[in-house]
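Colleague: Could you take me through this model and explain the terms as they come up?

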Amino acid sequence: MTGRALRTAAILVGVLACACERERRTFTEPGPKARPASAPPSSSLVPGESPIEGAPLDPAMPGYAETAQAISEGKLLYTWFNCVGCHAHGGGAMGPPLMDDDWIYGSAPSEVAQSIIAGRPRGMPSYRGKIAPTQLDQLVAYVRSLGGLARGDAVQARDEHIRLTPAPTLQHAAIPRPGRDRP
Amino acid sequence: MTDPRISVLDPAGPQAATIASLWDVFLWISIAVFVLVIASFAVATGRAVGRRRRDGDGDPLAEDPVSERRMIRGIVLAGTVTVVTLLALLIASIRTGSALAALEDDAGALHVRVTGRQWWWQIEYEHDDPPHSATTANELHIPVGRTIHLELTSADVIHSFWVPSLHGKKDLIPGRINRTWLRIDEPGEYLGQCAEFCGLEHARMAITVYAEPPEVFSAWLAHQREPAAPPADGQAVRGLAVFTGSPCVLCHAIAGTSAGGRLGPDLTHAASRARLAAGALPNTIGNLAGWILDPQSVKPGSHMPATSLAPADLHALLAYLEGLR
Amino acid sequence: MTAVRERELEPPDPTAELGRAWTRPAGVWGWLGDVDHKAIGRRYITTAFVFFLLGGVLALIMRLQLAGPNGDLVGPDRYDQIFTTHGSTMMFLFAVPVMQGFGVYLVPLMLGTRNVAFPRLNAYGYWTYLIGAVFLWVGLLTNTGPDAGWFAYVPLAGPEYGTGKRIDVWAQMITFTELSALAVAINLIATTLKHRAPGMALHRIPMFVWASLITSVMVVFAMPAVMLASGMLASDRLIATQFFSAAEGSDPLLWQHLFWYFAHPEVYIIFVPALGFVSSIIVAFARTQLVGYTATVLSMVTTAFIGFGVWVHHMFATGLPQLGQSFFTAASLLIAIPTGIQMFLWIATLWRGRVRLATAMLYVLAFFATFLIGGLTGVMVAAVPLDLQVHDTFFVVAHLHYVLIGGAVFPLLGAVYYWFPKLTGRMLDERAGKLSSVLVFVGFHLTFFPMHQLGLAGMPRRVFTYDVATGWGSLNFLATIGAFVLGLGIAITLVNVVVAQWRGAIAGSDPWLGDGLEWTTASPPPPYNFRELPTVCDRYPAWTSPPDQPVVYGVRSDRPEQLVTTLVDAEPDHRTVVAAATGAPLLTALATGVTFIGSIFTPWAVPLGAGLVALGLVVWFWPKAPHREELLEARP
């Protein structure tokens, strides 16, 4: 009886701790030593399917976390830095959509960061030096959440502006792209 | 002592003065009511305590029709006085309301747009020719003696514009435009603070109002309409390059350069402002450096990210920003 | 047949039979399934006071943070969660439930009946309240405490700026507690209207019962508004509805209207029961009849009614048209009239009484002085121009604490000292009580009076710190000292209550020579409340109690039966069997909890939870076998 109660309590505490993790808000930033001034190094292009999807986080992103705070800040930045101009609110326009499950250059945080920092062929400009490391982390977290890769309890349902795509909270998996087979 | 530059009871213009005189009416009537009610309460209680000490518990159901009638008369009288007093207060309040609205008809009012943002104030003096509009932050300069018409709105959540020495508050609500009219008669410096809870840094969202003689104000506004001063020396030239090559440029605008971000405060004349980060720090070169390197330690939660710069770049940037008078 | 005949020949002892019929089964399951109004009422009161203390701890943390300029005890993120949870706890987890808890405990005793009209609904209400209350605090302790203020204005609380699940925790806590408040309100209304002792016509109802009836009717009108609003907020946040989005053609002000339409009456929902406490305590300790019974009732009804017409005075700064503002100024000033009349009636009652300065009475004196100031500053903030200056400043913090602590908590503490002997059978220590009342009174004024000045000096509410140059430091320091004196006073009462449970003097059934029916039964009352159901011939039955006063005969004692009386004159009408202890309310409350908490994370929790609740209701309403004896009687 006591043992079971203890086990239940332990599980409960564990669940609560997880919830706590999603809500943590950090206001201190990793010092310059933890993070080289020029964030992820440029690498040779990796066209098509990325071989390193799901690879561990790039050590150059020490502050990266997919918390509610990071995703919501990232969302502000997404609009402010005019990502909307090409990718719309995830549905894509001039640039590729971000809310499907098709990641041309990989969906790992370091790969998304690489796309933003180094730019990609056919129009994605490089933001090297223009985006502070913290902001890059937040933007990556938001972009990944657009594709349904962030946890449902950390994303927000609605923007304060008109949007014609489904709410992120209702997006349990990314929208599959018809006509493309993925393993 | 509290700061007289931020006080309801030290009015600096007709709006706040009208409200302060209404305050006096309410305060004195309230004191009178308080004294009367507490006195009769104390007398009644004292009498009843004494009676119990003298006579013991007695019969709780005993009735005395004579004193009953007297009491009812007393209550009716007190009730009537209450109604009359409240009516008088209502009339005083409505008259004050109309007095406050008097400025709204002034056609010669100076039009200023104030936009609340998390957690700073964007202030725009429009011009028919848009490039000549002046945009500044956290400092509202106005000429004394002239009606000011503030157009209030918000870019994110609800804020509230409140400078106690000038006027009551008015909310800045996203999707709406609110208006308020005020006038200052005394030149001077007045302080205000966001009054509607707006998130983490609600406590550090201050605004300073500078009331200036009309000619001083005109000169200030003419200067603010100018583009930024070009870099004065080699160090400042390098600073401008650092600015446009660093994350600063995505959020901040400096008129006359390629920096056109509209998300943070306009820095065209940043060095002319007295304080940094919506009143959080005095605008000194040391504070500015600290604010650029680690804003989160000054205003945790602020949307300004930390920017790591090489020391030489930082000094160049500071030299350039210090020149933006 | 033989058995029945024997019973007729030899009537069993009714006390033993009543005890068997009304006592819950022993053990944990019996405790969990208890539906006795006294048990539920005690649980409400105890739980609410636990949250009062927790909310008080939060208040002390805030006072420490603000004691001097640039305080760094907590950061803004924590501070926002703390002040939001403090407000929400005090309003939703303490003030309303504790008043309703006293209603649940006292109303059936005062009416001379044996339980509330719907005992299982009563238990269900308590369990949903408990789940919601614990839920909010688990949120705070796991860094998921709501952080947009107890008013949760959108868009700050909306999906874009209220990140994470913090606001959802708040919204569903509202749903839980308001559901519970509605359950109690419906119960108290039905009990008051249909279960009064014969002879207790409407004009003989005790004043506290009137207060709780009026409050309950307010709850029925106010709570659905906020449950609707919190549901809309939750669906905006979860499934991207557009109820409050300016971008999609809605308006953030809609939230404010819906919220304050509830939240202003909420103040009176807390305050009107306190009026009932004050009337009861004055009558008992001044030992005289209340002057102007009808006027007192009417003034409470009027207060409740006008209370629904003043919500816009929380929104004067939002830029509404001036004519509308004048209307709401007039309504807000109007509400001072019934309250003023009420005060004059009490003064008159005291005037002709013989006052005994027990602790309960001291708290009423404290109430008078404090609430009067709160009422007068209330008149000030009703005037639009003054409100524009002091709105959202510490002046309003002072005003609302004068009204809520002075107007509701002081009478509540008085009520604790007055009715504690009835609840436990033991007396609270009077010396400790008097010391505590003085400390509470002094500490309160030391804390909150300087805040008026702070507000006029420009200090806005809900700031986690302030600059040295503002000069707000010394008054804030004074307030912090006061807060600790106030806390000490409360702590003394807490110790007094705990110690008295075991060591208090035995009270007997009527230690204060009280006036109501509750003093005519043992302390604490037996599970069936009254051995014989009483009848009543005037307003103060325990004072008059003529020796030939009849008792009710014919209500069976071998099963839980209640007498139902008519609405106006309380003539005996019929008998009804009420539920005995059952686990169904707890099960249904747990299912409700799964629904509400789950719906924070996924919309599927709603249909799933609806199924679970339906299962709980099936258990709840599963037809019982007819009573054995009825079967015997029905047999040809």
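The exchange below goes through helices, contacts and a sheet in turn.

Modeller: This is a predicted model, in which local features need pLDDT of at least 70, side-chain atom pairs count only at pLDDT 80 or more, and totals for chains, interfaces and linings use all residues. Residues are numbered from 1 along each chain as its sequence is written, while chains are lettered from A and ligands numbered from 1 in the order in which they are written.

Colleague: What makes the pattern of chain A α-α-α-α-α?

Modeller: Helices are DSSP runs of H or I with at least four residues, and strands are runs of E with at least two, numbered from the N terminus; chain A has 5 helices and 0 strands, and read along the sequence this gives α-α-α-α-α.

Colleague: How many residues of chain A are in contact with chain B?

Modeller: Two residues are in contact if their C-beta atoms, placed from the backbone, lie within 7 Å, and 15 residues of chain A are in contact with 15 residues of chain B. Helix H2 (68-80) and helix H5 (133-146) of chain A are the elements that give two or more residues to that side of chain A.

Colleague: Why are strand S3 (134-137) and strand S8 (178-182) of chain B called edge strands?

Modeller: Two strands pair if DSSP finds at least two bridges between them; the open sheet of chain B has the order S3-S2-S1-S5-S8, and S3 and S8 of chain B each pair on one side only, so they are its edge strands.

Colleague: How do you know that S1 and S2 of chain B pair?

Modeller: There are 5 bridges between strand S1 (residues 110-117) and strand S2 (residues 120-125) of chain B, which run antiparallel, so the requirement of at least two bridges is met.
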